Amino acid sequence: MAAASLDLQGLLARLDPTADVAQRHIWLIDLFDWLRGDRASPQAAVGRVSLLLDAVEARPELRERLRAWWRAFTQAVDLTTLLADYGFAPRTAFVSELSERLRRKILPGTPETTDASDLFRMVLPGAFDAGWIALLDDAQLARIGSLLADAALDEIDGAPRWRHTVMDAVTYCSSQVVAAGFSPELRLRMSAASESRAFHALMSDLDALREQMFRAPRDEDALQAAFVAFRDRLDACRASASSVYTHLEDNGISVGLVFRLRQLRERVLRIRELLDCLISPAPAPSVARLVGRLVLAGGERNSIRALIASNSSMLAAKVTERSAETGEHYITRDRGSYLQMVRKAAGGGALTALTVLLKFGIYSLALSAFWSGLWSGLMYAASFVAIQLLHLTLATKQPAMTAPAMAARLRDIKTDAAVADFVDEVANLVRSQVAAVLGNVGLVVPAMLALALLVQFALGRPLLDAAHAAATLQSLSLAGPTAVFAALTGVLLFAASIVAGWTENAFVLHRLDSAMRYNPRIGAFLGAARARRWATFMRTHISGFASNISLGLMLGLLPAFAGFFGLGLDVRHVTLSAGQIAAAAASMGTAVLQQPALWWAVAAIPVIGALNVSVSFYFAFRLALRAHSVSLGDRARIRSAIWARWRSRPISFFLPA
């Protein structure tokens, strides 16, 4: 305590009301650093506050010097902007706010500022400060108010100066709320019942409240009536803005719009907090709560992760919801649908054999890494789109689509019966994946062998020379990095599903199907009937096109981009890899059956398939769980139920009943 007192005495000795702005603010930063101490305990910081109050109150000269310092501080720094704007984006666009937060992360701040928000960020930078401020009792808050009160300058037109400051902050916030409510992006999406009428009268209600707040003598009944009227109008504005969410749920999510809505909602809450300070008969606790909220808001305002998480949650929910609609088609629940899945997957495997042949043709051109990767990616994309349009199945495309469909069933999972039903769906899903992989691999191998023999008969030489065939088997060996590359491919499969959901959401949000159906120029070019067919076709297939094209380009270009940075990464897709192994084996002849390289490559196929499926499903399922807000307790119940089913009926995960 003696050391702490000596530090405090040194700080108080440096208190100089006549110092320049930078030195005054540096002293304030140092004072709060002393109050925080080693940040071991908020209670310790509260004890230091008491120590500071005792030291100042014991010396009248020091108390007057502190009041003079506070007078100079409030004259140089506008606290109104701090109360009204701290924690909010200066612009209402998501991208500009992201760039602003990145700038503040990289560039340091300076105490030589009259911007109260910048100074507040340096004085009270973290959640620890909100913790110890919340612990200050009424007596300590009253002592702080008494120390800072300056009778000579504390009133304006008969009312305390701080009330004018807070009321100005309410005015600034209210004007921002009205501006947001009148913006066409929100106004045109509000429900027809609410529209934006509540925003029209908000400022007039605020003027009435201001008039009653500063009337002399004050009429408490009239003041309370004006306060209730303004509060109700504010709630009506908030309800009108909330109606936009219904429009977004039905017509697609925009991160920018969600960001504006969240900003508007936080503005309304800030106004309520400021009004608490004005109306409360004992304002000191309300002021302390407001300061604590400002500290927390500043932390959120600086966090890039919080910005992305809070404003993309609805987009994640909509993406997983749209993926869930597609994923339902990939889940088989009986023997008939199981066999149908095998047939569709077999067709996909046959078409993939042609894809492998074209891949080797592109490699034979000896293009540079980028152009070889680009043309391979375009060829993959065309192949995957053909599989989609022919209503065939590519096994590894399923997991990232089916995971959201599974997670959608977790919205009501409170009973044991609901958990059992979900486990049944998990078994159905795993069986579907097994059927698809077996169908793909089961036909891509014989189809590739047939194509390789056909090429050999037509050209008079094997599809691959001995060196390339051996290199292909070696690259796919289980003894190499194949498992790592297969897991990486699973991440790409998940990423493709995100692109699919995002693209479909944007397609719906911007009403492109309606534009294709009714746009006069498109109608004149295609004809009305054909335009309607194209609109329906694109609405049905846009998600698949986005997923297949993005996946194909990622599979082709990732090795080229990784090679540019010297990373040596590659992709391993189970169906494509099985086709490559078959092509290499056919090129080497029957003697390959005696080579260990073949069997090491064959052993990698089930590992590649398992990792492709499980990794993509894991990431998609985690995203869907977060989007549907499934609790940790429910997740634990689900895991236990799945393990119990595996121990009792493992065959149900592979074959239908």
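Here are some questions and answers on a predicted model of a protein.

Reader: How many helices and strands are there in the protein, and what share of its residues is buried?
Author: Let's start with the overall build of this predicted model. The protein has 29 helices and 2 strands. It runs to 657 residues, and the buried share of them is 47%.

Reader: Of the contacts between residues at least 6 apart in sequence, what percentage join residues at least 24 apart?
Author: Here we leave out pairs that sit fewer than 6 places apart in sequence. Among the contacts that remain, the share joining residues at least 24 apart is 81%.

Reader: How much of the accessible surface belongs to carbon and sulfur atoms?
Author: The accessible surface of the protein adds up to about 31200 Å². Carbon and sulfur atoms account for a share of 63%.

Reader: How many disulfides does the count come to?
Author: A disulfide is a covalent bond between the sulfur atoms of two cysteines. The test applied here asks for a pair of cysteine sulfur atoms within 2.5 Å. By that rule, the count is 0 disulfides.

Reader: Is Cys 173 buried or exposed, and what about Cys 277?
Author: Buried means under 20% relative accessible area. Cys 173 has a value of 0%, and Cys 277 has 1%. Both fall under that cut-off, so Cys 173 is buried and Cys 277 is likewise buried.

Reader: Which residues does Ala 350 touch, leaving aside those up to four places away in sequence?
Author: Ala 350 is part of helix H18, which covers residues 335-364. Its C-alpha atom is 7.8 Å from that of Met 448, although the two positions lie 98 residues apart along the chain count. With sequence neighbours up to four places away set aside, the residues touched by Ala 350 are Leu 443 and Ala 447.

Reader: Where is Pro 217 found, and what kind of peptide bond joins it to Ala 216?
Author: Pro 217 is in the loop between helix H13 (202-213) and helix H14 (220-251). Omega for the bond between Ala 216 and Pro 217 is about -5°. That peptide bond is cis.

Reader: Is Arg 39 buried, partly exposed or exposed, and how about His 391?
Author: Arg 39 sits in the loop between helix H2 (21-36) and helix H3 (42-57), with a positive phi of about 60°. His 391 is in the loop between helix H19 (369-389) and helix H20 (398-407), and its phi is positive too, near 60°. Exposed means over 50% relative accessible area, and partly exposed runs from 20% up to there. Arg 39 comes in at 43% and His 391 at 56%, so Arg 39 is partly exposed and His 391 is exposed.

Technical notes. Residues numbered from 1 in each chain as written. Predicted model: local features only at pLDDT ≥ 70, side-chain atom pairs only at ≥ 80, totals over all residues. Heavy atoms only, no water. Buried < 20%, exposed > 50% of the residue type's maximum accessible area, 1.4 Å probe, protein only. Helix = DSSP H or I, 4+ residues; strand = E, 2+ residues; numbered from the N terminus. Contact = heavy atoms within 4.5 Å. Areas by Shrake-Rupley, 256 points an atom, 1.4 Å probe, with all protein chains shown as cover.
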